[in-house]
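Student: I should like to understand how the descriptive terms applied to a model of this kind are justified. May we take them one at a time?

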Amino acid sequence: MSDRPFWNPKTETLPREQLRELQMVKLRRTVAWAKARSPHYARTLAGVDPERLRTWDDLARLPFLTREDWMASQDATPPYGQLPVTGPENAIRVHTTSGTSGRTPLRALDSRKDWSWAAEMWCYALWGAGVRPHDVGYVAFGYGSFIGFWGLHGGLEKLGALTVPGGAQTTPQRVQQIVDFGATVVASTPTYALRLAQEAEALGIDLPSGPVHTLILSGEPAGSIPETKALIERAWGATAIDTAGMTEVSTIVMFEPANQPGGCHVIEDHFIEEVIDPATGLEVPYGERGERVCTSFGRSTTPLLRYRTADLVVKVPAATAGNGRTFDLYRGGIIGRVDDMKLVRGTNVYPGAIEAIVRGFDGIVEFQIRLEHVDGRDEVILLVECSPTLADDGWQRLCADLVRALADAHEGLRFHVRRAATDELPRFELKAKRLTDLRAEQQRAALSVKETV
């Protein structure tokens with residue numbers, strides 16, 4: 001068993017035509033279930049006959065679901081809204097989104113069957129990453145109500161690996177546990193993987209010489225940024241594997257196998273993933289960037305049909321993989337968010353593009369991006385925290401090179417790069433928030449002062 005390359009060989013290698021037939025059967029069943037039991041879907045699917053959903057084009061018969069819809073449902077019928085097919089009396093868990101956006105988190109209920117399915121989805125990724133029952137998995141996660149790596153924990157146990165929960169501890173304590181338990185697999189966000197490596201270096205621990213061979217990354221698009229991924233792999237001396245999921249489905253939707261770096265397979269026997277133009281809502285062809293729309297077949301308590309995720313992706317055919325899987329891929333995983341792009345003096349600015357440049361420079365420990373409105377014009381300020389050992393002349397060279405690289409990548413837009421003090425910038429265990437847009441607030445304040453005068 002341990003030598004097989006696939007967790008579920010039958011479906012992961014299913015011919016595309018048969019895979020599509022399987023998806024349509026599951027779609028009809030899921031739509032019928034949701035329409036009959038969920039107050040939200042009873043209303044929005046009133047004119048939909050599940051039996052008429054026969055082809056991929058028939059997906060357009062189903063309305064989109066947005067985060068705003070879900071939030072409105074929660075507001076109208078607190079605390080869980082009208083999407084669930086049952087109340088909390090028939091559920092065993094409740095989990096929420098991370099809340100890093102500053103908005104009220106979404107809340108989702110799961111049954112025992114749902115939770116077993118969530119762990120199964122993680123098994124696809126873990127097995128594809130080369131994790132086996134003899135491994136020791138360390139989960140560097142806070143174990144709160146945010147769904148995070150809860151499903152991965154279940155997946156490690158289901159796979160048979162020894163699982164170490166790393167909750168409610170400081171970063172130095174987690175690093176020491178990774179060493180003490182002889183962890184061979186570590187799960188965290190990309191940002192926290194770097195933080196753990198920095199702490200290990202400060203403690204005099206040589207991670208690259210240790211037993212960790214695989215890092216399972218999730219929670220941020222940073223896991224798909226080649227420069228960030230390469231930095232993590234050098235720091236740990238291990239292979240970094242990208243995955244992506246969301247609270248709305250309780251688990252992961254895609255995973256990067258160890259033998260196919262740079263692309264994440266969609267788990268298509270359990271999900272339908274469309275890629276649409278965010279402006280028109282129409283599907284885009286293979287190879288074009290668009291917003292991913294998710295339909296899940298696994299979470300029965302809180303069904304999810306055509307959910308607009310706001311994630312930016314580029315889908316490519318399964319045939320481009322060459323590893324035997326017939327699941328389509330997202331090239332580079334999740335490459336950003338629809339609402340990530342900021343317009344600064346006519347130039348598009350993406351946090352992911354900035355990170356790709358910053359991570360290409362040695363000696364940078366952490367960074368923050370601030371958009372400000374100063375003296376009547378927009379400015380980009382990049383705060384950079386460097387290694388304490390970097391001398392002033394080294395900083396001057398780094399700063400000049402960084403300003404030049406950022407301008408070259410942004411149509412000549414000037415970035416104001418400033419050095420932050422050691423430990424000045426925030427550290428993140430979960431999703432990192434590195435961009436703050438202060439422009440609207442500053443413009444309102446300036447207008448208020450002008451009117452007062």
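Student: What makes the crossing of α10 and α11 right-handed?

Tutor: This is a predicted model. A crossing is right-handed if the near helix is turned clockwise from the far one by less than a right angle, and the crossing of α10 and α11 is assigned to that class, right-handed. The axes of α10 (residues 351–358) and α11 (residues 392–409) come within 10 Å and cross at roughly 140°.

Student: Which residues make the contact, and how are they divided into nonpolar, polar and charged?

Tutor: Helix α10 contributes Ile 354, Ile 357 and Val 358, while α11 contributes Leu 402, Ala 405, Leu 406 and Ala 409. Ala, Val, Leu and Ile count among the nonpolar residues, so the contact divides into seven nonpolar, no polar and no charged.

Student: How many helices and strands are there in the chain, and why is the chain called as compact as a globular protein of that length?

Tutor: The chain holds 12 helices and 20 strands. Its radius of gyration is 23 Å, and the globule rule gives 22 Å for 453 residues; the two values are close, so the chain is as compact as a globular protein of that length. The C-alpha trace spans about 70 × 65 × 45 Å along its principal axes.

Student: What share of the residues in the chain is buried?

Tutor: Buried means under 20% relative accessible area, and 53% of the 453 residues are buried. The accessible surface of the chain comes to about 19400 Å², with 53% of that area belonging to carbon and sulfur atoms.

How values were computed:
Residues are numbered from 1 along each chain as its sequence is written. This is a predicted model: local features need pLDDT of at least 70, side-chain atom pairs count only at pLDDT 80 or more; totals for chains, interfaces and linings use all residues. Side-chain values use heavy atoms; hydrogens and water are left out. Axes are lines fitted to C-alpha atoms, for helices over the stretch in contact, and angles run from 0 to 180 degrees between N-to-C directions. Helices (H or I, at least four residues) and strands (E, at least two) are DSSP runs, numbered from the N terminus. Contact means heavy atoms within 4.5 Å. The radius of gyration is taken over C-alpha atoms; the globule rule is 2.2 Å times the number of residues to the power 0.38. Buried means under 20% relative accessible area, exposed over 50%, partly exposed in between (1.4 Å probe, protein chains only). Accessible areas come from the Shrake-Rupley method with a 1.4 Å probe; for residues, only the protein chains shown count as cover.
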